[in-house]
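Here's a quick briefing on how the pieces of this one fit together. Have a look at the model first, then read on.

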Amino acid sequence: MDVAEIRITAEPIDNARCKFLVSLPVHSGGVRRFSSSEAAQGSPLAEALFAIPGAEVTEVIVSGNLVTVVKRSAAPWQAIGKSVGAAIRSVLASGHAAVAPKPAAAAAPSGVDDDALYDRVAELFDAQVNPMVARHGGRVELIDVQDAVVMLRMAGGCQGCGMADVTLRQGIEAMLQEAVPEVKGIVDITDHTAGTNPYFAAAKK
Amino acid sequence: MPCPPKPRLLLLLPTATYRATAFVEAARRLDVELTVASELPSTFEQAQPDRLLTLDFSDPERAAQQAYQFARTHPIAGVTGVDDTAAVVAAAIAERLGLKGNSVSAALAARDKHIQRSELARRGVPVPRFERHGLDEDVPELAARTRYPCVLKPLRLSASRGVIRADDPPGFVAAFARLQQILEQPEVAACGAWTRYVLVEDFVPGPEVALEGLVIEGRIHVLGLFDKPDPLDGPFFEETIYLTPSRFSEPARQDIVGCGQAAVAALGLWEGPIHAELRYNATGPWLIELAARPIGGRCSAVLRFTAGEGGRGNALASLEELIIRHALGMPLPALEREERAAGVMMIPVPGAGVLRDVRGIAEARAVPLVEDVVITAHLGQALVPWPEGSRYPGFIFARGETPEAVEAALRAAHRRLAFVIG
């Protein structure tokens, strides 16, 4: 594969987190989340991202065409992003799987059962979260739970909505904290730039 | 020993803001309790009544009473508003709850261009000569006695929406009619009696700058002074590039900051963020606008501050973090912008129509010094050019060693973008 054919767009969330949207599928087997370089062993892309000098990568999440990287260093994404792009291109060009399949029934380091958490979070989403966001034409998909971290994707009126982060942090995350306190965090893997019908569109200063 | 409760910030976020993520994430980083108040209800408000609130932004006193009721069960330690309307509501709440903030009269003066001009002129701050006229006045007669070139403005719309330059009487009549059409749009006309008036002022020649500051006990602490390298000579005033540090001489910069400080004092602004726009020519600085809010759009991302004492180690603090810290009385970092030059381009509206595609984003991001290209318009969105419009399709950010290099990078990135409009 010619690496020049691989298009990657970076979408920084803040100075710590950035989503990289890749023109080709990176991992088609659901979501994989890596919270340490040790956990990344056996997954070439994750290994490469954790090894980027000066980035101090703390977390990598791979799902479909999306790679989310979390770093600790203050270095701007301008510099780190180019290394991330190079790593993605290199791994995809190699023809090998970018990340290993999720281990079956892997127990989280915390001892929390992710499968059990998934079921409880899914029930909360079905019974409460989605009926609420549906009032604004939105939808929230539970993608996975890994190491007690919930990965979700927003769609419909939530995708690209100017208030999506308010919905995520003040609504969904707060409900999760109350109903499923074992959940350690929540990661939005939505490509908000692709939203075509956001409920609230930014329009003013 | 139980932990002391975290301070609660009441963040006033209009639903049409660009600023939600920047403020919400800043509050998370600072680990403060956050209640987000908007003018329309969140679908989660009933489920999370301590985190989400609906306030009547159109009636600041009523909003203050609503916030007072809320605070009886959820004590509020600070309040901040992110746009012009929310800044007035924040002032009313701060007065009602005894929190740090501006007086309502000062916030209103910053909100309304006619009140602002009147107060600034009365206190000797250099502002363009101005007159307020009703939409029902004899426009040809007004045009005949107006001094040219002039600028027609609505009293309160933001982002230079409806601002039009006229160079002669026929141009004045045409500009007046165009602005009247904007003001008579139902969603605008419903905003209040101010929509029945137009401000007519002298056009002030010269380059424009933007002054970003944090006012503490009436004194401006400069957070950034931006040059606007593209001439803003009209007929419309869509902004494009902001660059900092300013390339003006040190004495000129001092004059500009001094003018901003005089305007802050004249309006009685006492606490919180300000964003001022000034022109500078042979006679010195002219105050064009002073808003009691931070810089708009996504532009705040261009500002980063050395954390220093009270900050988080060697990390950089965002503008939103400074504003939240200030509102809550938390220790502030040094308020010194990082040393590198930085800039943002508010991407000009490429034309009227429905946005079908944006090409070249990856190529634009690949331009050296460019940090990011953010397209905020969604596919299918109607793009409306100025003066009727006020929404940029996106923003380009760059950082480098000099303002010249940053400006060149922004322009190069913009050239690589192609908007497909149907």
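Let's start where the two chains meet: α4(A) and α1(B) are oblique to each other, because their packing angle of about 40° falls outside the ranges for roughly parallel or roughly perpendicular. Keep in mind that this is a predicted model. From that helix pair, the tour moves to the domains and a hairpin of chain A, then to the sheet and helices of chain B.

**Where chain A meets chain B**

- The helices in question are α4 of chain A, residues 164-179, and α1 of chain B, residues 20-30, and their axes sit 8 Å apart.
- On the chain A side, α4(A) brings Asp165(A), Val166(A), Arg169(A) and Glu173(A) to the contact.
- Facing them from α1(B) are Ala20(B), Thr21(B), Val24(B), Glu25(B) and Arg28(B).
- Sorted by class, the residues of this contact come out as five charged, three nonpolar and one polar.

**The two domains of chain A**

- The domain assignment splits chain A into domain 1, covering 3-94, and domain 2, covering 114-194.
- Between the C-alpha centres of domain 1 and domain 2 of chain A there are 22 Å.
- How many residues are in contact between these two domains of chain A? Domain 1 puts in 13 and domain 2 puts in 15.
- About 1100 Å² is buried between domain 1 and domain 2 of chain A, and carbon and sulfur atoms give 49% of that area.

**A hairpin in chain A**

- Strands β6 (residues 138-146) and β7 (residues 149-156) of chain A run antiparallel and are joined by eight bridges.
- Within this pair, Leu142(A) has Leu152(A) of β7(A) opposite.
- The two strands, β6(A) and β7(A), make a hairpin with two residues between them.
- Take a look at Asp147(A) in that turn: its phi is positive, at about 50°.

**The sheet in chain B**

- Chain B has an open sheet of four strands, ordered β3-β2-β1-β4, with parallel pairing.
- β3 (52-54) and β4 (78-81) of chain B are the edge strands; each has a single partner, so one side of each has no neighbour in the sheet.
- Going from one strand to the next, the twist averages 25°.
- β2 of chain B, residues 33-38, pairs with β3(B) in the parallel sense through three bridges.
- One residue pair to look up here is Ala37(B), whose bridge partner in β3(B) is Leu53(B).

**Helix α5 of chain B and its partners**

- At what angle do α4(B), residues 104-111, and α5(B) pack? The angle is about 105°, with the axes 5 Å apart.
- α4(B) and α5(B) therefore count as roughly perpendicular to each other.
- From α4(B), the residues Leu108(B), Ala109(B), Ala110(B) and Arg111(B) meet Lys113(B), Ile115(B) and Gln116(B) of α5(B).
- That contact of α4(B) with α5(B) has four nonpolar, two charged and one polar residue.
- α5(B), residues 113-122, also meets α9 of chain B, residues 250-267: their axes come within 9 Å and cross at roughly 105°.
- That crossing makes α5(B) roughly perpendicular to α9(B).
- The residues involved are Gln116(B), Glu119(B) and Leu120(B) from α5(B), with Ala263(B), Ala266(B) and Leu267(B) from α9(B).
- By class, the contact of α5(B) with α9(B) has four nonpolar residues, one polar and one charged.
- Gln116(B) of α5(B) turns up in the contact with α4(B) and again in the contact with α9(B).

Definitions and conventions:
Residues numbered from 1 in each chain as written. Chains lettered and ligands numbered in written order. Predicted model: local features only at pLDDT ≥ 70, side-chain atom pairs only at ≥ 80, totals over all residues. Heavy atoms only, no water. Pairing = 2+ DSSP bridges. Axes fitted to C-alpha atoms, helices over the stretch in contact; angles between N-to-C directions. Parallel < 35°, antiparallel > 145°, perpendicular 65-115°, else oblique. Contact = heavy atoms within 4.5 Å. Nonpolar A, V, L, I, M, F, W, Y, C, P; charged D, E, K, R; others polar. Domains from an automatic or database assignment. Buried area = accessible area lost by both parts, 1.4 Å probe.
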